[in-house]
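Open the model in your viewer and keep the selection tool ready. We will go stop by stop.

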Amino acid sequence: MATDEYSRYSTTPLTSYKGQDTYGKWASYSFLRQRPAEQYINVFVVAPEYEGRPDLIANIVYGSPKLDWVIIAFNATRSVLNWPRSGQVIEYPAERIVIPELTQ
């Protein structure tokens, strides 16, 4: 079972369940367990064309839509249906702390 470098499971060890290799509970990253210093937190004001599209926002701020889960998790979003809303200010951890931790 393979993951790409930006998968939230990239550092989670494989486990076997009923004879199948699978990923268990994913290992949380430091930027999600503990709030980074303010200089490592950026903000994004959601324009109407990005409403409900964290994947497009992730593509802008990280260069990959596959990192939408970082934005969602960092903002502790309970429901992603139509999230984020136009005009909302969302926070995201800086690329310089996210990418190195995901690709180590």
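Select Glu 91 to begin: this residue is partly exposed, at 27% relative accessible area (buried is under 20%, exposed over 50%, partly exposed in between; 1.4 Å probe, protein chains only). This is a predicted model: local features need pLDDT of at least 70, side-chain atom pairs count only at pLDDT 80 or more, and totals for chains, interfaces and linings use all residues. Residues are numbered from 1 along each chain as its sequence is written, and side-chain values use heavy atoms, with hydrogens and water left out.

Now add Arg 35. Its side chain meets that of Glu 91 in a salt bridge, 3.0 Å from N to O (a side-chain nitrogen of Lys or Arg within 4 Å of a carboxyl oxygen of Asp or Glu). The pair links distant parts of the chain, 56 residues apart: Arg 35 sits in the loop between α1 (30-33) and β3 (41-45), Glu 91 in strand β4 (helices, H or I, at least four residues, and strands, E, at least two, are DSSP runs numbered from the N terminus).

Which residue joins Arg 35 and Glu 91 in a network of salt bridges? Select Glu 38, the third member. Glu 38 bridges to Arg 35 at 3.4 Å, N to O. Glu 38 counts as exposed, at 53%.

Next, pick Glu 51 and Arg 85. Their closest N and O atoms are 3.0 Å apart in a salt bridge. Glu 51 lies in the loop between β3 and α2 (54-62) and Arg 85 in the loop between α3 and β4, so the pair ties together parts 34 residues apart in sequence.

Last stop: Thr 77. This residue is buried, at 17%. Thr 77 touches Ile 72 and Trp 83, not counting residues up to four places away in sequence (contact means heavy atoms within 4.5 Å).
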